[in-house]
Amino acid sequence: MENNNATRSGRRLAPGEKPDMGFWKLWNLSFGFFGVQIAYALQSSQVSRIFSTIGADPHDLSYFWILPPLMGMIVQPIVGVSSDRTWNRFGRRLPYLIVGALVAMIVMCFLPNAGSLGLSIGAAIVFGLVMLMFLDTSINMAMQPFKMLVGDFVNEKQKGLAYSIQSFLCNAGSVVGYLAPFVLAWFLPTTAPEGEVPATVTVAFYLGAAILLLCVIYTMAKVKEMPPEQYAYYHGIVETEPKSGEKKEKVNLLRLLAHAPKVFWTVGIVQFFCWAGFLYMWTYSTDAVAIQAFDAPSQKVVEGVVVNGKSYSEKYIFNGKSLVIDNGRFQLAGVKVDGDFSCPSTVVVDGDTIIAGGQPVYVGGVARIEPHDGSMSLAGRRLVIDGTAVEASGIETVSQFSLVEPGTSLTLAHIAKADGNGEYYLEDTEELPAIADGESLDVRYKTVLNSASSQYQAAGDWNGVLLAIQGGVAVLWALLLARFRSRRLGYSLSLLIGAVGFLSICYIQNKYLLCVSYGLAGCGWAAMLAMPFTILTNALSGKNIGAYLGLFNCTICLPQIIAALVGGLILNMFPAVSSGASVGVANTVLMLGTSGVLLLLGAMAVWGIKETSGEHVVSE
């Protein structure tokens, strides 16, 4: 994309003036955003579903969203400053797009498989968190160059149109990403073994990675960045060479912040309310839809144990080197005999088949036989468990025993071991007391949605449809926003409509009527994407625009970090669901109502913005 024709209306452009650009040149500047946003849509709509399916507590979901924006807040200013100083044969901003997109594509192939790698629930969640951190960082690294390219190439008169095109492509990509699992459900299984996400989600991530690759290739082919001299001319930058022996002054981010235009801060306040609100939507939307419109069933999961009237959380409960309770599920190696679970030392069938907790049995230091995997019929066979003959028709090895009911007690065989003197104790001896022989521990439970249920997984797919509707409405609303003569009016009205959409979710229990709620929320989303950058870049010079946009990204990341930190606390303040199949579970529906309140505050804060004319320059 060359800009060699430095004329406008037959006259030569003065330094600091940029030429008008045709529609398709503006389109090509932002087209890669389409692929990047597919990846972002899959992340925002499916990550909480993935973690819930693996076995995460809904009260902990918001904490999983701390690392991504934290990394973004660190990386984005670095990318902004570095790209301001980068000039090579690939361009100025494009090298960062390439690196970010490549990392995102790799991570998208691993993240949905976190529960399918044979890890314990806790290990799978940690793996997923690491993948989420890299995914969000790489997506933001790939996304930021497109915002900077508009600032580099587009004059003030066309910036509104350019960011509207970017918003259109952004929301179009969102629609594809959100709908992918729902559409794939027509061809692929919608359920999976407990702890694993359905193939619809996994394949959607694979397709998203492939489309992202194609978009990067298209962008590299169509966009050619300006050489330094041309860039300096169009932005009115006069570089002064340092005197002999002097080094050129480096950009000081703190100094830039100190001299930032007022709109940087006033728009930042609006950003705080908006991004905190949408963080809660991404975190809790699947669960809220499952409760409101799909009546997803609840289940009891292990929260800890009670010893002599005192409760202990699951993190303390170990058996040797094996975690017994992991994120609400028993992790016990044992067997089921006619459906009843036990954890014996030996199981003998007809005197030769020996199974012990899914592991080989060692007799005299020699492994007698490898474990039998799966179930076997006992018709006509003699079964002996720990030396005692048992009448039974079938036996099955068990490595994860999670479907338990209140009233279950863990025995010493489950959670304790001998110390060599005939006394039993729990693994964490400093925190947990000794147990007398013959005692058992009572299990403490909590109620959560059954993420393995067909209702929950159907809600996860429908949540993608709702978010796609939100993105579709945002596409159309973005086109209308460009026609508002008053940006503040368009900005504030959009956020107000979005607030009404979120608040209405608390009162709607029909999955089709929820389409209206999410559509209204889309108006707020469109304004969040287009308005802040249009207002800010008009107040900035080209010299430090990358650094300022990197710093401005903190007004996106910091609100999400704060919202994630307090999300679980806010959820605990709300009463549990009191009716339907979801009775007793955390009321995540009210968290979307909280999003509505935050957008309402954002709509009010818009009127504190006073746009500036001309460019803001920080002298070096």
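## A tour starting at Cys523

Begin by selecting Cys523, which is buried, with a relative accessible area of 6%. Keep in mind throughout that the model on screen is predicted.

With Cys523 still shown, add Ser494, which sits in helix 13, residues 487-505. If neighbours within four places in sequence are set aside, Ser494 is in contact with Trp477, Leu481, Cys523, Gly524 and Ala527, and displaying these five side by side with the serine gives a view of its surroundings. Ser494 has a relative accessible area of 0% and therefore counts as buried, the limit being under 20%.

Next, select Cys274, another buried cysteine, whose relative accessible area is 0%. Should you wish to look for cysteine pairs from here, note that a search of the whole structure finds zero disulfides.

Now move to the largest cavity, which holds about 220 Å³ of space and is one of four cavities of 30 Å³ or more. To find its centre, select Met143, Lys147, Trp275, Leu529 and Ile556, which lie nearest to it among the 21 residues of the lining. Which helices each supply at least two residues of that lining? Colour helix 2 (32-54), helix 5 (121-153), helix 6 (156-184), helix 14 (514-537) and helix 16 (554-573), and you will have them on screen. By character, the lining residues divide into 13 nonpolar, six polar and two charged.

For a stop of another kind, go to Asp295, in the loop between helix 10 (262-292) and strand 3 (298-307). What should be checked here is the backbone, since Asp295 has a positive phi of about 50° although it is not a glycine. Most residues other than glycine have a negative phi. Is Asp295 buried, exposed or partly exposed? With 40% relative accessibility, Asp295 counts as partly exposed, because this value falls between the limits of 20% and 50%.

Finally, zoom out to the whole chain, in which there are 17 helices and 23 strands. Buried residues make up 55% of its 620 residues, and the chain exposes about 25,900 Å², of which carbon and sulfur atoms supply 60%. Among contacts between residues at least 6 apart in sequence, 78% join residues that are at least 24 apart; the contact of Ser494 with Cys523, seen at the start of the tour, can be displayed again as a contact to inspect in this wider view.

Methods:
Residues numbered from 1 in each chain as written. Predicted model: local features only at pLDDT ≥ 70, side-chain atom pairs only at ≥ 80, totals over all residues. Heavy atoms only, no water. 1 Å grid on protein atoms, 1.4 Å probe; cavity = no way out; pocket = protein on both sides within 12 Å on 5 of 7 lines; lining within 4 Å. Points joined across faces, edges and corners; volume = space filled by probe spheres on them. Helix = DSSP H or I, 4+ residues; strand = E, 2+ residues; numbered from the N terminus. Nonpolar A, V, L, I, M, F, W, Y, C, P; charged D, E, K, R; others polar. Buried < 20%, exposed > 50% of the residue type's maximum accessible area, 1.4 Å probe, protein only. Contact = heavy atoms within 4.5 Å. Areas by Shrake-Rupley, 256 points an atom, 1.4 Å probe, with all protein chains shown as cover. Disulfide = S-S within 2.5 Å.
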